[in-house]
Structures are given as structure tokens and as C-alpha cells.
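Welcome! Open your viewer, get ready to select some residues, and let us take a walk through this chain together.

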Amino acid sequence: TVPQFLLPYHIKTYSLFVPKTNFQVSYNFLKKVRYYDMSTFLFSYGYDWKTKNQTEHVLNPVMLSYTAMANKSQLFSDLLLANPFLAKSFEEQFIGGASYAYTYNEQCFPNKKEQFYFQLNAETAGNSFSLLNSIGGENISSNNPSRMFGSIYSQYAKLSIDGRLYIKVKSKSKIALRMFAGIAHAYGNTSTLPYAKQFFSGGPNSIRAFLYNSLGPGNYQQNTSNKGILQLGGDVKLEMNAEYRFPLFSYVKGAFFADAGNVWMLKSDPAKIGTPFSLSNAYNDIAVGAGFGLRLDVSFFVLRLDIALPLRKPWLEENNRWVINQIDFGNANWRSNNLVYSIAIGYPF
């Protein structure tokens, strides 16, 4: 990180906020037990600046990442063979694009009774590569994808917004509300989003009554009996969360919460997994859960334990998706199939 704009021309900056130029080079290794090994190389170059205390801009005009897979198991190969959509999302793993993020955060004003947070993220990839290939006379098509440096490159646009409201109701209690919406679309050289760029739902920082990344797409029921199975994502995500946070004793705090949402594909995939997104019918696929949590909050560190149960399961028959009437805490089988425990670091939002 360099504490100034590295540009061939001068830009006026505010003396209170030092702008930054960021260079990042990273390597990530992931071993998905029983499935594959994945290595990801990333390079990014960009700028970070503030115009006010509560606003921040992050622009990365250059983002390059390349993912290589090795040691694919027969189980993984069979899974891809049975699901062409999933296979395609793992095929196109070379990404070259740009991103921009705008953040407005009033939490820097601790005495404000109502604190608003808003973040917009926009990302695009593959357009420069497609332009170069088009100039070279290639016909850009997902059926016959072009390559850059020997690899099929992804081409997509992605947009998400995250809005939050924190309301102080007592000196140490607050209501926290959040709404997230995101949409992504693959086009040109690719027909499917890269797996790492898809939206997922469920887990400690999402809808806590459902296991990590296990919701959707649409009304599809994923197999959660095998915890190592690959989760499926989507092109669209809608999510709403609400928490009432209150002190219990010393550094221990409690929270009652409710979460709702899901992910969808923009169109039916070749394996016909889940209902595709429809604005008029999306409410029908919404999953709902609620629960209680404990937080060990020592200011610089928060350890969180949440217990949640589903109230609405979108994969059930249309008139039977609300399952509130089936709650039975005295039944060990019900508890095993419905109660979800999460341990996490930090608040979910």
C-alpha cells in the first residue's frame, strides 16, 4: 500500500484523508477432501480514498485471477458429469476484469441513535479479452469459447447492494436490520458464472437456520446429509435479517434474530435444478428461520454462538412450506433434523 495516488496526472485530494494505491499478489490453496485440490493466483491494482469520514471508494481497474485444479477424484468427476451446469462453472476459471465498491457508514458516529450503512459492489470481467479476440477476427460465443493465455476466460457482470440500519433502543441494546440484493449475469464468452463468483445462501453470516451454503437455488433441496458435498450457488440473491441485541452480564450479550432469503438462477440450467428467478414468484421460494444467540464481546474480539430453527422450507410442497406447526423441542429426531448450531467470529452484520 502506497499512501498516495500513483497516476500519470495530478488529482486534487482532501488533506484529512490520505488516498492509497494498493497492489496485491496472493496465492490460495484449497483442498476439498474427497473432491479436488484448487490453487488460485491473484493480482490486483487499485485505489482507495475517502471524501468524508463516513464514505469510502475502492476502485480496482486491474484484477487478474487464475485457478488451477488438480487431483480430481472419481466422485468429483461423476458429480460434474451428472450436472453440466456445475461442470461449466468449474471450467472457466481465468478472470480478468475490474471492480468498484462504494461504502457509506455512519457507525463512525457512536452517539448517533440511528446509524445507516450502505455498500454497493460492482464487478465486470472478460470484456477487454473479448474485444482483443474480436479485433483478431474471432467470433465470441459460449458454445465455442475463446481463450487467453491458453485458458478459457470468464465474461460476466455482477452487482450487489448491502443496506443496514442500527437503532439504539436503550443505552446498550440495539435493533440491527439488514437487506442484501445481488445479481450477476454471464454472457459473451461464457454461459455460466465461475463457481467462486456465484451467490450462496445459508450459514453463520446468512440464514442461520440452514447449513452453510445449503439453500437453493430456488426450490431445490440440496443433500445436506453428507457435509462434504459441493454446494450449489445462483445468479441472484435476496436476503433480509433482523436482530435484537441486548446485554446479559459483564462481556456476554444475547440476541434474538430472524433471517429470510434464497438464491436463484436467472434461467433454467441444463440439469434443471431449482426454479429460475422470477420477480413475481420469488416470494414463494423464500426460506425463513429464527433463533437465539450468545456473544462474548470484549470490544476487539467477538465470539458468537447461534442456535436457529427453520420456519419455512422452500423445497416442500407449495402449501406446506411453513413448518412452524411441526416444532417439537421434546422430540430428539426433530431436534437433530432442524436445530442448527453456528460458532463464528464477529457479528453477522
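**First stop: Ser 160**

Select Ser 160 and, leaving aside its neighbours within four places in sequence, look for what it touches: Ser 160 is in contact with Gln 119, Leu 120, Asn 121, Phe 180, Ala 181, Gly 182 and Phe 199. Contact here means heavy atoms within 4.5 Å. Ser 160 sits in strand 8, which covers residues 156-168. Helices (H or I, at least four residues) and strands (E, at least two) are DSSP runs, numbered from the N terminus. Is Ser 160 buried or exposed? Ser 160 has a relative accessible area of 11%, so it is buried. The cut-offs are under 20% relative accessible area for buried and over 50% for exposed, with partly exposed in between (1.4 Å probe, protein chains only).

Before moving on, a note on what you are viewing. Residues are numbered from 1 along each chain as its sequence is written, and side-chain values use heavy atoms, with hydrogens and water left out. This is a predicted model, in which local features need pLDDT of at least 70 and side-chain atom pairs count only at pLDDT 80 or more, while totals for chains, interfaces and linings use all residues.

**Second stop: His 57 and Tyr 100**

Now select His 57, in strand 3 (residues 55-70). His 57 counts as buried because its relative accessibility is 14%. Which side chain makes a polar contact with the side chain of His 57? Show Tyr 100: the two side chains meet in a polar contact of 2.7 Å. A polar contact is a pair of N or O atoms within 3.5 Å; within protein, one must be able to donate a hydrogen and the other to accept it, and residues adjacent in sequence count only if both atoms are side-chain atoms. Beyond the neighbours within four places in sequence, His 57 also has contacts that include Tyr 47, Asp 48 and Trp 49.

Click on Tyr 100 next, in strand 4 (residues 94-105). Tyr 100 has a relative accessible area of 27%, so it is partly exposed. Among the contacts of Tyr 100, again leaving aside neighbours within four places in sequence, are Val 58, Leu 59, Leu 120 and Asn 121. You may remember Leu 120 and Asn 121 from the contacts of Ser 160. For a long jump, find Phe 329: its C-alpha atom is 47 Å from that of Tyr 100, and the two are 229 residues apart along the chain.

**Third stop: Thr 67**

Stay in strand 3 and select Thr 67. With a relative accessible area of 11%, Thr 67 is buried. Its side chain makes a polar contact of 3.3 Å with the side chain of Thr 40. Leaving aside neighbours within four places in sequence, Thr 67 is in contact with Met 38, Ser 39, Thr 40 and Gln 93. Phe 29 is 38 residues away in sequence, and its C-alpha lies 9.7 Å from that of Thr 67.

**Fourth stop: helix 2**

Highlight residues 84-91, which form helix 2; Phe 85, Leu 86, Lys 88, Ser 89 and Phe 90 are buried there. What do the buried residues of helix 2 pack against? Colour strand 2 (36-52), strand 3 and helix 1 (74-82) to see these partners.

**Last stop: the whole chain**

Zoom out and trace the four helices and 14 strands. Along its principal axes, the C-alpha trace spans about 65 × 60 × 40 Å. Of the 349 residues in the chain, 45% are buried.
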